[in-house]
Amino acid sequence: MAQDEEMKRTLISDPHLNPLGAPPGRDPGEDAQHPVRVVSKIVWRIVDVIVGGIFIFAALTKIFDLDHLIADLGHLHLGSIIVDFQNLRLADPVQFANDIDNYKILPWPISVGLAFYLPWLEMFCGLALILRRLYLGGLSILTGLVAVFLVATIAAKVRGLDITCGCFGHASQNWNFPTHLAIDLAILGALLALSFRVVSGTADDPEA
């Protein structure tokens, strides 16, 4: 009897001999949390792709004249969509420069410069989020851009300026102020959440 008790104690104390115990160097709680980490990683990658895709789409609406295409996509006019693709052309940067100038914050030359370069910056930063290359830099730039845009939009509203934002082309031309504000706050919240994951060290180490 004493020998049996000794064998049981040996099995319990030695993980190599205990089939129900954790492998050496492994925490049983770690194995239990592994599926949760996998699901969390997938969810956050989806957030990366969605947020990055939003900025890529916003950039494309400024680089190309997509107003007719977006309108026809919204109404599912398949024949017109094909024609729109065939007649696709570059957008007029002066129109975007006018959208920036309407905020009455920056001089006209700076508004023109932003109209040329800002869409490409949005494009590359969106790709950085999706491809996870230069991730933290792209994330920081996009967070700053959205924060500045939110402040400028609220300031314009307080001053009584009636501004039609062309951030998403035809899709956003008829949005009212609360709709713009809600969407921008949602995007900013997602960017801040992604930034917090990187800063807190809970995210996978992206290529900076």
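## Briefing: an all-helix chain

Read along the sequence, the protein chain runs α-α-α-α-α-α-α-α. This is a predicted model. It has 8 helices and 0 strands. The chain holds 208 residues, and 30% of them are buried. The points below go from the whole chain to single helices, then to salt bridges and the surface.

**Whole chain**

- Take the contacts between residues at least 6 apart in sequence: 65% of them join residues at least 24 apart.
- The accessible surface of the chain is about 13,100 Å². Carbon and sulfur atoms account for 68% of that surface.
- The whole structure contains 4 salt bridges.

**Helix α6 (residues 108–131)**

- α6 has 24 residues. At 1.5 Å a residue, the helix should span 34 Å. The C-alpha atoms at its ends are 35 Å apart, which agrees.
- Where does α6 kink? The kink is at Y117, and its angle is about 35°. The proline P119 comes shortly after Y117.
- Buried residues of α6 include S111, A115, L118 and P119. Further along the helix, E122, M123, C125, G126, A128 and L129 are also buried.
- P119 therefore appears twice here: the kink lies shortly before it, and P119 is one of the buried residues of α6.
- R132 follows α6 and has a positive phi, near 55°.

**Helix α7 and its contact with α8**

- T143 sits in helix α7, which covers residues 135–158.
- Is T143 buried or exposed? T143 is buried, because its relative accessibility is 13% and the cut-off for buried is under 20%.
- Beyond its neighbours within four places in sequence, T143 touches L188, L191, L192 and S195.
- Among these partners, L188, L191 and S195 are listed as buried residues of α8.

**Helix α8 (residues 177–200)**

- α8 also has 24 residues, with an expected span of 34 Å at 1.5 Å a residue. Its end C-alpha atoms are 34 Å apart, which agrees.
- The buried residues of α8 include the nonpolar names I187, L188, A190, L191 and L194. H180, D184, S195 and R197 are buried as well.
- G201 follows α8 with a positive phi, near 85°.

**Salt bridges around D48**

- Side chains of opposite charge can pair when their charged atoms come close.
- D48 pairs with R45 in a salt bridge, at 3.0 Å from N to O. Both residues lie in helix α2, 3 residues apart, or about one turn of the helix.
- Is D48 buried or exposed? D48 is buried, with a relative accessible area of 2%. R45 is partly exposed, at 26%.
- D48 also meets R132 in a salt bridge, again at 3.0 Å from N to O.
- Which parts of the chain does this pair tie together? R132 lies in the loop between α6 and α7, and D48 lies in helix α2, so the pair links parts that are 84 residues apart in sequence.
- R132 counts as buried because its relative accessibility is 15%, and buried means under 20%.
- Shared partners join R45, D48 and R132 into one network of salt bridges.

**Two loop residues with positive phi**

- R132 is not a glycine, yet its phi is positive, near 55°. This residue lies in the loop between α6 and α7.
- K104 is another non-glycine residue with a positive phi, about 55°. K104 is placed in the loop between α5 (93–101) and α6.
- K104 pairs with D101 in a salt bridge, at 3.7 Å from N to O.
- How accessible is K104? Its relative accessible area is 52%, so K104 counts as exposed. The cut-off for exposed is over 50%.

**Surface patch**

- Which residues form a nonpolar patch on the surface? They are V38, I42, I46 and I50.
- Together, these four residues have about 350 Å² of accessible area.
- I46 lies in helix α2, which covers residues 28–63.
- I46 counts as partly exposed, because its relative accessibility is 46% and this class lies between the 20% and 50% cut-offs.

Terms used
Residues numbered from 1 in each chain as written. Predicted model: local features only at pLDDT ≥ 70, side-chain atom pairs only at ≥ 80, totals over all residues. Heavy atoms only, no water. Helix = DSSP H or I, 4+ residues; strand = E, 2+ residues; numbered from the N terminus. Expected span 1.5 Å × (residues − 1). Bend = angle between axes of the 7 residues up to and from the residue. Buried < 20%, exposed > 50% of the residue type's maximum accessible area, 1.4 Å probe, protein only. Contact = heavy atoms within 4.5 Å. Areas by Shrake-Rupley, 256 points an atom, 1.4 Å probe, with all protein chains shown as cover. Patch = residues over 30% accessible without salt bridge, like charges linked within 9 Å, V, L, I, M, F, W, Y side chains within 5 Å. Salt bridge = Lys/Arg side-chain N within 4 Å of Asp/Glu carboxyl O.
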